[in-house]
Amino acid sequence: MCQLQPRTLSPAFSRACSSRSLMETKRMFDYKPTPEQLALSEERRRQREAKKLQQQNAAHLPPMFLSRPWKYLPSTQTVPRSTIKVMSWNLLAQCLIRSNLFPTSSKALKTSHREPMIHAEILSHSADIMCMQEVDRLEKLSPVLEQAGYSSTYATGPGKQHGCLIAYKQNKYNRVDELIIEYDKQEVREDSSHPAARIGSSRVTKNIGFMVALAEAGADHQGVIVATTHLFWHPAFTYERTRQAGILIREVLNFRQSMKLDHWPCIIAGDFNFAPDDPAYSLLVGDPLTEAQSQRLHMSRVIHITIDPTVPPATKKADDEEGDGSEADPDRVINNSRVATSSDGLLSDLELTSLFTNGAKLRSAYDEGQRAQRDNGTPGDLYTFGDRVSSPPTRLGVHEPMWTSYTHYWKTTLDYIFFVDTLKHSITVAGYLNPHCTTDMEAGLPQIGICGSDHVSLCAELLLT
């Protein structure tokens, strides 16, 4: 077997290599960087140190959001039996985010930026009871609430990836019972043999109402009924949203009555997806329908393909979720639908009014609170819905916040904290969290340093006497 022998270098070749190595080493030690190169190197070193320090500080500093002042209202009431601080907020579910819907939000759409902002703002309110909508990523939110001393309960509509959550302070309340209502299955009339006509729905939406009975810790005979909801989003489906709102108040009162807790007040807060000049708002608070509101109801009495599969489809993509609609202009167009007939069982204006008046008139914490502030002659930085929409000043709802949702494409008022007092206990508004100023939101929510959601959180303190 042939073996290769190692090659022997000549002494002359070795000396030459050694000489070149010494020359290269000498040139290396003789090299001197220019002042410009030294300055650039120093700047890069400073940037590395600054980035490292920023990362270290970020782990210890709370995430920034724009805090807002609390508005206290003068009270002539006797010493209250109890106080309840209530928060409501649509968190903007991460599963619903589409960058084309929020072109000015940039990094605020990323969970790593917006989630810490949302958690920090929730805890900053220190509310006794919190109602949240479009809640997903429970594995992140629940530990935050538990560590802060809250218990919570969660519900979602069929097939939805986000839902409604009610949280309450563990040292103040105990959960007695809870109930989920699916609006798609709730009947609104008895004078029909056809199941769909008894339900009287214009389309399947998968939206829910969610309610909890909370007893005061150490006083089981005292407590409060808390309900939250996220009504159907499509602006043109006014009738369906009004039907859902009527069902919600009916079922909240039935829930309270079924437990023989009629002496407990009710708090109903959430994203109702309608403005204060909407028919549903007027019916909830006991105002009569205007001619314009009746016309909006009339135009929206349709039957969607989800109710009647024989309706010829106009579009392929479903618009069940907020922001996923396929309509070119969802504010004006109803697709995949036909005009309703009497056999479909949709409620008339009179029947809708009856659905609401069989319950109780709701009162709004912000409408009453901001009206009181203006009446007291101390409006300050008060900007209301009535300041931007022509409406009689005596009409309920004109003192709701000017905006509760503000993005690049849409700006409106959709969120409310309602309450119903009882014969035994009256409720007054003691204070509320000031809404964001328009100038703070004009870039479009969500925004880093302002708000992690496209909705504004609401918070009010109620006095029970």
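These are my notebook entries on cores, cysteines, a helix pair and one helix of a predicted model.

**Cores**

I looked up the largest nonpolar core, which has 54 residues. Ile122, Met130, Met132 and Leu145 touch the most other members of this core. I then listed the contacts of Ile122, leaving aside its neighbours within four places in sequence. The list reads Met87, Trp89, Leu91, Met130, Met132, Leu141 and Leu145. Met130, Met132 and Leu145 thus appear in both entries. I also noted a second, separate core of 40 residues. Among its members are Tyr183, Val188, Val252 and Leu284. As background, nonpolar side chains in soluble globular proteins tend to be buried together.

**Cysteines**

How many disulfides does the structure hold? I found zero. I checked two cysteines for burial, with under 20% relative accessible area as the cut-off. Cys266 has a relative accessible area of 1%, so I recorded Cys266 as buried. Cys451 has 0%, so Cys451 is buried too.

**Helices α6 and α9**

I looked up the packing of α6 (residues 238-258) with α9 (residues 349-357). Their axes lie 8 Å apart, and the angle is about 25°. The two helices are therefore roughly parallel, since angles under 35 degrees count as such. The crossing of α6 past α9 is left-handed. From α6, the contact is made by Tyr239, Thr242, Arg243, Ala245, Gly246, Ile247, Ile249 and Arg250. From α9, Leu352, Leu355 and Phe356 take part.

**Gln373 and helix α10**

I located Gln373 in helix α10, which spans residues 365-375. Is Gln373 buried or exposed? Its relative accessibility is 6%, so Gln373 counts as buried. I listed its contacts, again without neighbours within four places in sequence: Lys71, Leu73, Thr378, Pro379, Gly380, Leu382 and Tyr432. For Lys71 I also took the separation from Gln373, which is 302 residues in sequence and 8.6 Å in space, C-alpha to C-alpha.

I then went through the rest of α10. Besides Gln373, the buried residues are Ala365, Tyr366, Asp367, Gly369, Gln370 and Arg371. What covers the buried residues of α10? The cover includes the strands β1 (70-72), β12 (363-364), β15 (415-420), β16 (427-433) and β17 (458-464), and the helix α7 (279-285). Lys71, a contact of Gln373, falls within β1, and Tyr432, another contact, falls within β16. My last entry is Gly377, which follows α10 and has a positive phi, near 80°.

Methods. Residues are numbered from 1 along each chain as its sequence is written. This is a predicted model: local features need pLDDT of at least 70, side-chain atom pairs count only at pLDDT 80 or more; totals for chains, interfaces and linings use all residues. Side-chain values use heavy atoms; hydrogens and water are left out. A nonpolar core is a set of buried Ala, Val, Leu, Ile, Met, Phe, Trp, Tyr and Cys residues joined through side-chain atoms within 4.5 Å. Buried means under 20% relative accessible area, exposed over 50%, partly exposed in between (1.4 Å probe, protein chains only). Contact means heavy atoms within 4.5 Å. A disulfide is a pair of cysteine sulfur atoms within 2.5 Å. Axes are lines fitted to C-alpha atoms, for helices over the stretch in contact, and angles run from 0 to 180 degrees between N-to-C directions. Helices (H or I, at least four residues) and strands (E, at least two) are DSSP runs, numbered from the N terminus. Angles under 35 degrees count as roughly parallel, over 145 as roughly antiparallel, 65 to 115 as roughly perpendicular and the rest as oblique. A crossing is left-handed if the near helix is turned anticlockwise from the far one by less than a right angle, and right-handed if clockwise.
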